[in-house]
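User: I am new to protein models. Please show me how to read one, step by step.

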Amino acid sequence: MAIDNATLSRLRGRISALEGTALDGSEAPRAVSFGLAAVDDHLPTGGLAGGSVHEITGGSGSATAFAAALAGRAQRLHRPPLVWIAPRIDQRESLYGPGLAAFGLDPVALTVVRIPGHGRKGAAQALWAMEEALRTPAIGAVCAEIDAVDLTASRRLQLAAEAGGTFGLLLRGSVSNDSAAVPPIASVTRWRITAAPSGPAWPTSLLGITRWQVELLRVRGGQPYHWLLEWRHDPIDETAGGFALAAASGDRPAMPAAEQTLPLARTG
Amino acid sequence: MRLAAANLTAQEAGLFPGQTLADARALEPGVTVDDADPAGDLETLSSFATWCGRYTPWTAIDGLEDGGAGGLWLDITGCAHLFAPTKSKPDEQGETALLDDLVRRFAAAGYSARAGLADTPGAAWAIARFSSAAATRIRNANAIVPPGKQQAALAPLPITALRLPPETIDGLARLGLRHIGDLMALPRAGLARRFGETVTRRLDQALGHLPEPLSPQPPAPSWRVCANFAEPLGEPASVTAVVRRLTEALCERLASVDRGARRLELALYRVGGGNGVKTGGVAASVISKGRIDTVTVGTSRASRDPGHLLRLINEQLDRLPEPLPDSSAAVEQAIEFLTVTAVTTAPLSAAQTSYIGGGQQSDAIGLEQLIDRLAARFGAGNVVRFAPRESHLPERAQTVVSALGSTAEPLSQPPPPTVMCPRPPRLLPHPEPVTAIAPVPDDPPLQFRWRRHSHRIARAEGPERLAPEWWHPTPLGPSSLGNDTRDYYRVEDSDGRRFWLYRDGLYSDDIADPPRWYLHGFFG
């Protein structure tokens, strides 16, 4: 039995509307593209679905930089304001504007909410703040550092993101590396970002281009995958930075033996 | 020891302020004596002034006098008609009703109050203190001096009623001048020459020939709406409904003159205790008066959107020191009077706000309303923006400013890159010392240990040498960081993690005290 294309696309549209990842229609918020066909084509929405919440896990610096890069991509069109929600802990490393700018995020457009309180109470406050921010259509992207998120809370966040058409990122630093051990939450995608040895440089003792092992652990309506991505940073025009696929790493020499002969001093 | 003050019952027994305690004990053995507490008295008086805000926004303390009596000024210009029971002659009826209400409420709280009402502060002061007609109980309209009739009302009063210094009063008394009427009959020039211009000035002020400005406490706000209830509100829902109605009314008034509120204050006046009036004992009994809870909200942009302002207020209503009354609460907790005041306002022209997706303008409003809500919950200091600062020291190159007062920068263009050298997206607020093994003199470390984890360094870049800011007027002190040259290195460990390390100071001949290494940030 032949099914005409119109029927098929209508059915597809209904399914994705139910799933909250609307493919087409002017109502649906624009997807946040990586600007990299290899990743965008793998994602069912041609990029990270707008109006939904995505989960990023991983080490402090890399996950922050990756989230900043995505938030910066969400900001590309008409530079809407961004909101970053972080716990207020004096000992913890804090966001640093000049460093975020290197990943394409405009620190001037950033409003940072520092959540007082620790543990469960602090997480509840942060969830409230994120929900409020997601419900505000004027916000370009909301990034929140919340570790304790359960299924119910994440569903609320997803509904808020759909209502506001806002792009949400959940930055979960201290969840276990084992993805099976992490309880499922209602995010549209889950990513794990690990720092990878940087790209080639000459002399080889210097740092090269920033590289991450980017693992797509879960995606609604798609398959998990992994890439080795680079961040191409232009120090003159910080908005010109972008993702790129890293070339397959060839043989990399270890630290040149000559350096080992330098006089050593044990300090401090 | 002398008496500082005596209550009515004590005065009837013959006690008076200034009497020695021994005399007082001899006269009235049952007297109860407490230590005088002028500071506490003043505080109570000040809280009365606030409480009288229910009658007029313009209230002031008259200050404590000898004898422990304190006074309050209330300027009820334009307020009296609000209290009138019927529409006919609203001002006259309203004045009587206002005085009745004032005296009744003070009596119910256990305080004996004397009230007088006149065209001038001086006349009202004299009537309240020295006229036998002063309203000390309900339905005593004689305490009100009709407009322009100060002369007749003041003439029979003693000259002490003119607020003159004691030595002037003594001097006048020696001349046989006992009543204000006696003074009025005298030639003014001679009076002024002999007793100074205070006498004539006070007389003119009381009669209304000279103006007498008084400073209200607090400054009278001009944007205020209030609601008074015969039956106190005992339901949270009805309280929020009234707050909504008042806020809407205020926003309408603001809209009529193109202004918006920057700071809004809601005051809830509780009924308070003191139903049992205890005036029998010789000492004054302490009776609580209704407390006033205030809620203040600020907005980052002038607003007259009742929905937005109400969300901000409701956010704080849940966290009052005493919860809103419900049906189980005692009647003292019920709310009988509410005011909503726009403490600070700013010009706000009419704007089209309902159009969805209206570009930059609606974006800014949406963000600012969000900031207001977040700031109402977490405090203005916790909703911040980053601002660049002219400094090459990383921790000083960025400051944090509250997102609530600061106007948003135009978001259309990115800031120029301030530093060409890479900076980490995450910075430790206080650099943490690490144990490092490094070749001397200028090489990056080969290995470092931070928070009990050892990192082998595979690649490194540097140094980027940052000199201390010697031109900084206040150095951080000899022992703290920031006074030494720093050599920064970007390093990558064998797992690919990238760190920002620095060596605090240079190597010197002193082998025993090598410079220390610190971890300052994390690269992406």
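User: How many helices and strands does chain B have?

Analyst: Bear in mind that this model is predicted. Chain B comes to 13 helices and 14 strands.

User: What share of the residues in chain B is buried?

Analyst: Burial is judged by relative accessible area, and under 20% counts as buried. In chain B, 43% of the 524 residues are buried. The area that chain B exposes is about 26,600 Å². Carbon and sulfur atoms supply 54% of that area.

User: Which strands form the open sheet, and in what order?

Analyst: Start with the general idea. Strands of a sheet pair through backbone hydrogen bonds, parallel or antiparallel. Here 11 strands form an open sheet with mixed pairing. The order is 10(A)-9(A)-8(A)-7(A)-1(A)-6(A)-5(A)-2(A)-4(A)-7(B)-8(B). Strand 10 (242-245) of chain A and strand 8 (398-402) of chain B are the edge strands, and each pairs on one side only. On average, neighbouring strands of this sheet are turned by 30 degrees against each other, direction ignored.

User: Do strands 7 and 8 of chain A run parallel or antiparallel?

Analyst: They run antiparallel. Strand 7 (residues 189-196) of chain A is joined to strand 8 (residues 210-219) of chain A by eight bridges. Take one residue: Thr189(A) stands opposite Val219(A).

User: Which helix lies across strand 6 of chain A, and at what angle?

Analyst: Look at helix 3 (residues 60-74) of chain A. This helix runs at about 175 degrees to strand 6 (167-172) of chain A. Helix 3 of chain A also lies across other strands of chain A, including strand 1 (53-58) and strand 9 (225-232).

How values were computed:
Residues numbered from 1 in each chain as written. Chains lettered and ligands numbered in written order. Predicted model: local features only at pLDDT ≥ 70, side-chain atom pairs only at ≥ 80, totals over all residues. Heavy atoms only, no water. Helix = DSSP H or I, 4+ residues; strand = E, 2+ residues; numbered from the N terminus. Buried < 20%, exposed > 50% of the residue type's maximum accessible area, 1.4 Å probe, protein only. Areas by Shrake-Rupley, 256 points an atom, 1.4 Å probe, with all protein chains shown as cover. Pairing = 2+ DSSP bridges. Axes fitted to C-alpha atoms, helices over the stretch in contact; angles between N-to-C directions. Contact = heavy atoms within 4.5 Å.
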